[in-house]
Amino acid sequence: MTTLTFDSLNPATGTVVASHPKHDAEAVRAAVARAQEAAEWWEGLGHAGRRRRLLDYKAVVTRELRELAALVHEETGKPVADATLEIVLAITHIDWAARNARKVLGPRRVSPGMVGANLSATLEYLPLGVVGVIGPWNYPVFTPMGSIAYALAAGNAVVFKPSEFTPGVGVRLAELFAEAVPERPVFQTVTGLGETGAALARDPRVKKIAFTGSTATAKRVMAACAENLTPMVAECGGKDAFIVDADADVEAAADACLWGALSNAGQTCVGVERVYVVDAVYEPFMRALSERAATVKAGEHYGPITMPGQLDIIKRHIDDATKSGRTVAGGPDSVRPPYVDPVIVEDVPEDSPAVREETFGPTITVRRTKDAQEALELANDTAYGLAGTVFSGNRRRAMALARAMRTGMASVNSVISFASVASLPFGGTGDSGFGRIHGADGLREFARAKAIARQRFPVPGMRLTSFSRQPDELERLIRLVTFLHGRRKR
């Protein structure tokens with residue numbers, strides 16, 4: 001039988017990096033069957049056994065960091081330095097998940113309350129079984145590992161379907177895990193196109209899907225999951241805003257804004273795409289931003305556009321923005337496949353595609369606002385709700401603005417910094433998806449709550465859940481509840 005294959009290409013050169021099998025539905029079912037058996041063994045190890053093996057995995061990934069970064073560079077085109085940073089962040093998340101799973105998920109006593117004073121109440125979080133992870137191409141190690149490591153730490157086996165643009169990275173991640181944990185196929189990778197991911201989402205033995213990608217694709221994955229009522233975590237796109245307050249350090253803000261917008265060629269779901277600057281600092285901020293942008297070169301400071309089809313979207317947004325706004329840097333000629341040079345456009349109408357739709361390229365739209373409140377209102381006027389940034393010299397106002405941003409995450413006087421804090425949950429709202437990875441919430445996302453109430457002793461004269469209950473017993477309950485809860489608080 002001939003196995004169909006597809007090629008992984010270097011987006012900068014078009015050369016073939018490697019060929020990988022197109023795993024069909026039968027192959028996916030076989031992988032899930034192996035994972036289902038491995039999950040029982042993995043759960044049986046307990047938190048201590050899994051912790052040791054995950055820390056071993058972390059050590060193996062760390063030792064192979066340079067080799068893995070080179071592979072990420074080949075398949076995505078991003079600079080090796082940026083690939084290295086991505087992997088380092090993933091390593092810290094594996095470490096945190098391994099070390100904190102027992103504390104977050106392990107059994108603990110909870111208060112039964114006065115009415116249940118004769119009960120002992122226990123809460124713990126148990127593994128789901130097999131978790132399917134469908135990963136993206138823009139951060140092929142860091143992003144899926146935010147689901148993989150936490151699902152593994154919670155006691156599940158994982159079947160990972162990486163993007164068809166970065167299959168080699170996904171295969172290598174599973175190979176490295178097998179070096180650390182050779183006993184069972186607890187973490188497997190299947191490669192292929194959309195059909196492979198659909199087969200994974202439709203398998204009824206998969207108890208949760210963690211998906212990262214576009215909002216449109218998330219809806220298709222949800223439809224597949226709905227066939228078996230399989231829950232999912234959806235981390236979709238964003239149109240993240242960057243607010244510069246009147247007393248902000250404009251030099252620092254410009255530097256952070258440029259990195260947030262241009263790093264990884266703008267192919268970052270939590271990257272900066274819209275900038276709102278308070279009038280008092282608008283001119284100095286724009287000078288600092290444009291001066292810095294002039295020194296950043298595509299192909300040197302950041303790589304190519306990894307997915308060729310994205311170039312059409314980027315060009316359409318640039319063409320529309322430059323027709324109605326004022327070009328500060330770059331323009332339509334900035335698109336020179338497979339690269340896109342930095343583009344900054346002022347005064348683009350808020351109903352423009354460059355403002356409303358995710359661009360996923362090295363472009364920024366900038367708008368002047370009368371104050372921070374107007375900036376906040378414009379920042380929140382979007383269907384997306386992934387992340388945002390606030391630069392301000394006033395700590396209290398900065399925190400208030402960050403809290404009021406209708407997003408799952410925010411950074412203050414830094415950009416994308418929440419992603420480096422393993423204890424913080426990562427995820428969005430609205431068209432940016434739902435559910436959380438990372439942190440304690442990320443661990444609980446891949447577990448099921450188990451509640452147990454045990455009667456320690458019967459309460460005399462209070463047979464409330466019995467057909468032999470007497471009227472006076474119910475009267476005692478009413479008096480008790482009235483005493484505990486019947487007084488109005490002043």
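In this predicted model, strand E1 (residues 5–9) and strand E2 (residues 16–21) run antiparallel, joined by five bridges. Phe6 stands opposite His20 in E2. Together E1 and E2 make a hairpin with six residues between them, and Gly14 in the turn has a positive phi of about 80°.

Now for the wider stretch that holds this hairpin. According to UniProt, in an unreviewed entry, residues 5–452 carry the annotation "domain: Aldehyde dehydrogenase". Over residues 5–452, the chain is 43% helix and 21% strand. The end C-alpha atoms of that stretch sit 50 Å apart.

Let's look at one of the helices. Helix H2 covers residues 46–63, which makes 18 residues. At 1.5 Å a residue H2 should span 26 Å, and its end C-alpha atoms are indeed 26 Å apart, so the two values agree. Which residues of H2 are buried? They are Gly49, Arg50, Arg53, Leu54, Leu55, Tyr57, Lys58, Val60 and Val61. What do these buried residues pack against? Their partners are helix H1 (25–44), H3, helix H4 (80–105), H5, H6 and strand E7 (187–189).

H3 (residues 65–76) is home to Leu71. With a relative accessibility of 16%, Leu71 counts as buried, because the cut-off for buried is under 20%. Not counting residues up to four places away in sequence, Leu71 touches Val17, Gly168, Val169 and Arg172. Take Val169: it is 98 residues from Leu71 along the chain, yet their C-alpha atoms are separated by 6.6 Å.

Next come the rings. The count of aromatic pairs comes to 10. One of them is the tilted pair of Trp41 and Trp42, with 6.2 Å from centre to centre and 40° between the planes. Trp41 and Trp42 are both buried. Another pair is Trp137 with Phe165: their ring centres are 6.5 Å apart and their planes meet at 70°, so this pair is edge-to-face. The Trp137–Phe165 pair links distant parts of the chain, 28 residues apart. Trp137 is in the loop between strand E5 (130–134) and helix H5 (142–153), while Phe165 is in the loop between strand E6 (157–161) and helix H6 (167–180). Is each of these two rings buried or partly exposed? Trp137 counts as buried at 10% relative accessibility, whereas Phe165, at 24%, counts as partly exposed.

Ring pairs also link Trp41, Trp42, Tyr57, Phe160, Phe177 and Phe187 into a cluster. Elsewhere, Arg487 lies over the face of Phe483, at 5.3 Å from the ring centre.

Finally, some backbone oddities. Most residues other than glycine have a negative phi, and most peptide bonds are trans. Here are two residues that go the other way on phi:

| Residue | Phi | Loop | Relative accessibility |
|---|---|---|---|
| Ala265 | near 60° | between helix H9 (250–262) and strand E11 (272–278) | 1%, buried |
| Asn413 | about 55° | between strand E18 (411–412) and strand E19 (433–434) | 40%, partly exposed |

As for the peptide bonds, which two residues does a cis bond join? Pro337 and Pro338, with omega at about 5°. You'll find Pro338 in the loop between strand E13 (335–336) and strand E14 (339–340).

Key: Residues numbered from 1 in each chain as written. Predicted model: local features only at pLDDT ≥ 70, side-chain atom pairs only at ≥ 80, totals over all residues. Heavy atoms only, no water. Helix = DSSP H or I, 4+ residues; strand = E, 2+ residues; numbered from the N terminus. Buried < 20%, exposed > 50% of the residue type's maximum accessible area, 1.4 Å probe, protein only. Contact = heavy atoms within 4.5 Å. Phe/Tyr/Trp six-rings, centres within 6.5 Å; stacked < 30°, edge-to-face > 60°. Lys NZ or Arg CZ within 6 Å of the ring centre and 35° of its normal. UniProt positions renumbered as here; feature names shortened; annotations may be inferred. Pairing = 2+ DSSP bridges. Expected span 1.5 Å × (residues − 1).
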